[in-house]
Amino acid sequence: MIELARDIRDICRSHGNDRTRLMDIARAVQAKYGCVSSRALDLIAQAVKSPRVEVESLVSFYAFLSVQPKGKIVIRLCNDVIDELFGAEKVARVFTEELGILFGETTPDGAISLEYAPCIGMSDQAPALLINDTVVTYLSSDRAREIVRVLRETGDPRRLVRRLGDGNNAHPLVRSMVHNNIRREGPVVLSPLAAGAALRKAIAMSPVEVINDIKTSRLRGRGGAGFPTGMKWEFTRGANGDKKCVMCNADEGEPGTFKDRVILTEYPDLVFEGMTIAGYAIGAELGIVYLRAEYAYLRAFLESVLQARRTQGLLGRDILGRAGFHFDIRIQMGAGAYVCGEETAMISSAEGLRGDPKNRPPFPAQRGYLGMPTTVNNVETFCCVARILDNGPGWFAAMGSRGSTGTKLLSVSGDCSSPGVYEVPFGIKLSELLQMVGAEDPRAVQMGGPSGRMVAPADFGRTICYDDLATGGSVMVFGANRNLVKVALKFLDFFVEESCGYCTPCRVGCVLMQRKLEEIIEGRGQIGDLEYLQELGSTMKLTSRCGLGQTAANPVLSSIQAFRPAYEALFRKRPEEPFLPSFDIRAALGESEGLTGRPSAIFGA
Amino acid sequence: MSETFELTIDGTKIQAAPGQTILQAADGAGIYIPRLCAHKDLLPFGACRVCTVMVNGRPQAACTTPAARGMIVDNETADLRKHRASLIEMLFIEGNHFCMFCEKSGNCELQALAYRFGILAPRYPYQFPHRDVDASHSEVLVDRNRCILCARCVRASRDLDGKHVFDFVGRGAHKRIWVNAEARLADTNLEGADRAVEICPVGAILRKGVGYKVPIGQRLYDIQPIGSDIESKRQAAAPGR
């Protein structure tokens with residue numbers, strides 16, 4: 001008890017007893033004690049002068065934080081749709097058998113907790129899991145048995161990493177078995193750039209000229225929404241406020257996307273260079289990389305890259321000798337919440353709050369992180385920025401299509417022979433991509449992850465760009481035998497789990513949609529259910545507060561549109577049973593029949 | 001008040017002052033936009049989404065969106081009515097609402113909205129969640145069965161009472177209202193007269209000992225539909241409408 005008090009005092013003090021650093025404080029306490037206990041909540045609240053319930057509100061929001069104690073070792077098995085296609089369920093059964101506990105439980109000795117995690121960014125090497133910060137990929141039943149044995153014997157997840165991955169995955173500060181699976185390199189993102197080269201060119205211009213170059217390049221945000229980057233910067237530069245902030249969205253959580261993980265592993269300098277250029281252009285001194293908790297294994301490596309840039313005069317005060325140009329970057333760790341990929345939720349989280357999105361207006365460009373005008377851009381966008389400054393906006397705009405210039409990194413997973421990362425020019429046809437990745441006769445392709453849309457073969461001739469098939473990078477391929485209604489349900493399961501719960505349509509609508517899909521899959525659906533889903537989906541789309549809720553119905557709506565027969569095949573057409581009950585009355589009466597020891601009178605004795 | 005400007009709601013031109021939200025401007029002009037989480041004494045929150053309107057053709061929450069010169073706002077449309085009814089029904093089926101023996105009946109804004117929208121039975125299946133009641137406090141009862149997560153109590157306690165008795169824990173469907181103590185309302189500094197208590201739009205936070213002072217049948221919304229107070233301003237301003 002005294003030890004806890006002392007540790008928390010030290011942890012809070014090392015963060016300046018600053019309540020806006022609650023994420024880091026809570027993460028540190030969780031790492032040391034396996035929970036942020038009731039007593040810890042009180043102590044933290046006292047130290048940062050915040051109401052206890054506010055601290056509890058934060059801790060209860062994030063999947064990687066908990067008030068209830070967890071094991072020293074937490075196994076988080078990815079139950080993303082792609083991982084399940086590749087046998088995650090079988091692996092899950094092995095874990096429950098070997099550990100003797102269910103998912104969500106901790107072994108009686110308090111050693112190991114078993115949980116599910118939504119996509120951990122390893123869909124191209126599925127099934128995969130996290131054990132504390134260690135990633136284990138290409139799982140099988142045998143491997144799962146071995147994992148339990150090694151953990152029981154050594155208590156050290158790092159012992160499970162034997163063969164290191166390629167490139168910087170083998171770096172001494174990473175030492176991970178993750179593979180990059182770079183299948184197609186391109187001129188914008190996946191190619192080397194000497195650190196500082198683009199920044200030198202940037203500071204030879206005025207900040208306004210830099211913004212003009214970005215505007216001339218017609219660069220649009222790579223996270224998926226496609227907002228013009230130059231315009232965002234111009235707003236942020238023009239907004240009132242002495243202090244401004246540049247945020248990098250490295251909370252890559254959209255299931256099926258993992259390209260930012262590869263960028264951060266192989267080209268972190270490119271990202272930091274882009275951020276520094278942004279700092280110069282908008283007049284910010286503070287940069288924050290919001291890194292998802294699942295990528296914590298990259299943190300030490302990224303910190304070392306930042307340190308090297310400071311030594312080279314590329315970060316810090318009077319950068320590259322230019323008096324008055326100060327900029328530095330800190331890494332803010334997430335704690336397991338998909339919604340924090342939404343830019344205003346990310347800002348909330350970095351401020352030490354629940355990951356609730358904020359009301360707009362004001363937009364982040366007007367009032368963002370701690371009230372500062374803030375530009376939030378995707379990891380890949382910053383890479384494009386650095387390259388545009390190095391090679392010129394004309395060079396960049398010559399690639400891709402008219403409304404979508406440059407190249408795009410795609411994370412391809414699922415039923416294809418070469419899953420991995422592809423850098424392709426915007427405007428290529430989906431069919432060309434499918435050929436490139438070795439996808440033979442797919443039944444459907446999910447573009448843009450669960451919040452995107454399900455595309456049928458009739459539409460494979462369409463092009464990948466903002467104005468046609470838009471994607472933040474996720475491309476999931478589903479082969480001929482896949483059950484698409486089950487895929488849609490998996491996506492809804494994901495949204496139910498990840499909704500922040502702030503607004504009614506998303507919090508309630510996702511659950512209602514999930515229940516209805518379950519009914520349909522269990523053979524209790526009726527033809528009117530499709531209209532029910534469409535109406536429900538239209539309310540969610542129109543009235544939800546942020547992008548999560550506005551797009552959560554997409555997989556259902558787009559699959560009904562493109563694959564209606566797949567749904568209709570599940571509706572029973574038995575003439576002898578014209579009435580289809582939406583619930584099973586026999587099963588519902590089961591409990592009371594068990595208690596009374598006789599069958600219900602409704603059905604006769 | 002500095003100079004006002006004009007916007008249009010459902011074809012009617014109204015005046016708004018700088019800093020006003022669409023909802024506030026509409027209230028001032030006697031146009032009722034249905035709402036649950038919004039309250040005149042509280043900062044906008046934007047959770048229930050019942051006040052969703054179309055602003056220049058795009059959906060926005062009227063309670064959080066600043067009014068602007070020349071805005072064209074649609075409020076009373078068949079489509080919005082359908083979506084608003086859907087949201088109200090969602091709030092009913094998400095919790096355990098038992099109007100027929102709830103103390104708040106007749107003063108409940110959720111119930112009153114259901115009447116105003118002519119909702120007889122929700123189209124969605126009841127979820128029948130298991131939720132806790134906290135009766136530990138001598139003057140106040142918290143029944144989470146009836147909570148609609150509008151955060152009025154959170155905001156009122158923080159901004160009007162200068163305390164911080166309430167906040168949310170959990171997320172998504174597991175989100176619930178919680179108190180600034182290990183578990184019990186009695187262990188907080190809440191008092192019966194706090195604004196956080198009376199500001200609850202439903203029967204989730206109830207003052208003990210006063211439940212039936214006004215008999216059912218003579219309560220606020222038994223007498224006139226919700227929104228009448230706002231709409232009466234318009235009738236007063238433009239007689240004969």
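## Helices H11 and H15 of chain A

In this predicted model, helix H11 (residues 259–266) and helix H15 (residues 379–391) of chain A cross at roughly 50°, and their axes come within 9 Å. H11(A) and H15(A) are therefore oblique to each other, because an angle that is neither under 35 degrees, nor over 145, nor from 65 to 115 counts as oblique.

On the H11(A) side, the residues that meet H15(A) are A:Lys259, A:Asp260, A:Ile263 and A:Leu264; their counterparts in H15(A) are A:Val379, A:Glu380 and A:Cys383. By class, this contact holds four nonpolar and three charged residues, with no polar ones.

## Helices H9 and H12 of chain A

Helix H9 (residues 207–217) of chain A packs against H12(A) at an angle of about 120°, the two axes lying 7 Å apart. That angle makes H9(A) oblique to H12(A). The crossing of H9(A) past H12(A) is left-handed.

A:Pro207, A:Val210 and A:Ile211 are the residues of H9(A) that meet H12(A), where A:Ile277, A:Tyr280 and A:Ala281 take part. This contact consists of six nonpolar residues, with no polar and no charged ones.

## The largest nonpolar core

The largest nonpolar core contains 250 residues, and those that touch the most other members are A:Ile44, A:Cys78, A:Val271, A:Ile277, A:Cys383 and A:Leu492. Helix H12 (residues 268–282) of chain A gives the most to this core, contributing nine residues. Two of the residues named for the core also appear in the helix contacts: A:Ile277 and A:Cys383. In soluble globular proteins, nonpolar side chains tend to be buried together.

Beyond its neighbours within four places in sequence, A:Cys78 is in contact with A:Asp83 and A:Ala88, and also with A:Ala117, A:Cys119, A:Ile120, A:Met122, A:Ala126, A:Pro127, A:Ala128 and A:Leu129.

## The contact between chains A and B

Chain A provides 31 residues to the contact and chain B provides 30. On the chain B side, helix H2 (78–94), strand E8 (166–169) and strand E9 (176–179) each supply at least two residues. H2(B) gives the most to that side, with six residues. The chain B side divides into 15 nonpolar, nine polar and six charged residues.

## B:Tyr212 in a loop of chain B

B:Tyr212 lies in the loop between strand E10 (205–207) and helix H6 (220–223) of chain B. B:Tyr212 is exposed because 8 other C-beta atoms lie within 10 Å, and a residue with 12 or fewer counts as exposed. The C-alpha atoms of B:Tyr212 and B:Lys104 are separated by 9.1 Å, although these residues are 108 residues apart along the chain.

Terms used
Residues are numbered from 1 along each chain as its sequence is written. Chains are lettered from A and ligands numbered from 1 in the order in which they are written. This is a predicted model: local features need pLDDT of at least 70, side-chain atom pairs count only at pLDDT 80 or more; totals for chains, interfaces and linings use all residues. A nonpolar core is a set of buried Ala, Val, Leu, Ile, Met, Phe, Trp, Tyr and Cys residues joined through C-beta atoms within 7 Å. A residue is buried if 20 or more other C-beta atoms lie within 10 Å of its own, exposed if 12 or fewer, and partly exposed in between; C-beta atoms are placed from the backbone. Helices (H or I, at least four residues) and strands (E, at least two) are DSSP runs, numbered from the N terminus. Two residues are in contact if their C-beta atoms, placed from the backbone, lie within 7 Å. Ala, Val, Leu, Ile, Met, Phe, Trp, Tyr, Cys and Pro count as nonpolar, Asp, Glu, Lys and Arg as charged, and the others, Gly among them, as polar. Axes are lines fitted to C-alpha atoms, for helices over the stretch in contact, and angles run from 0 to 180 degrees between N-to-C directions. A crossing is left-handed if the near helix is turned anticlockwise from the far one by less than a right angle, and right-handed if clockwise.
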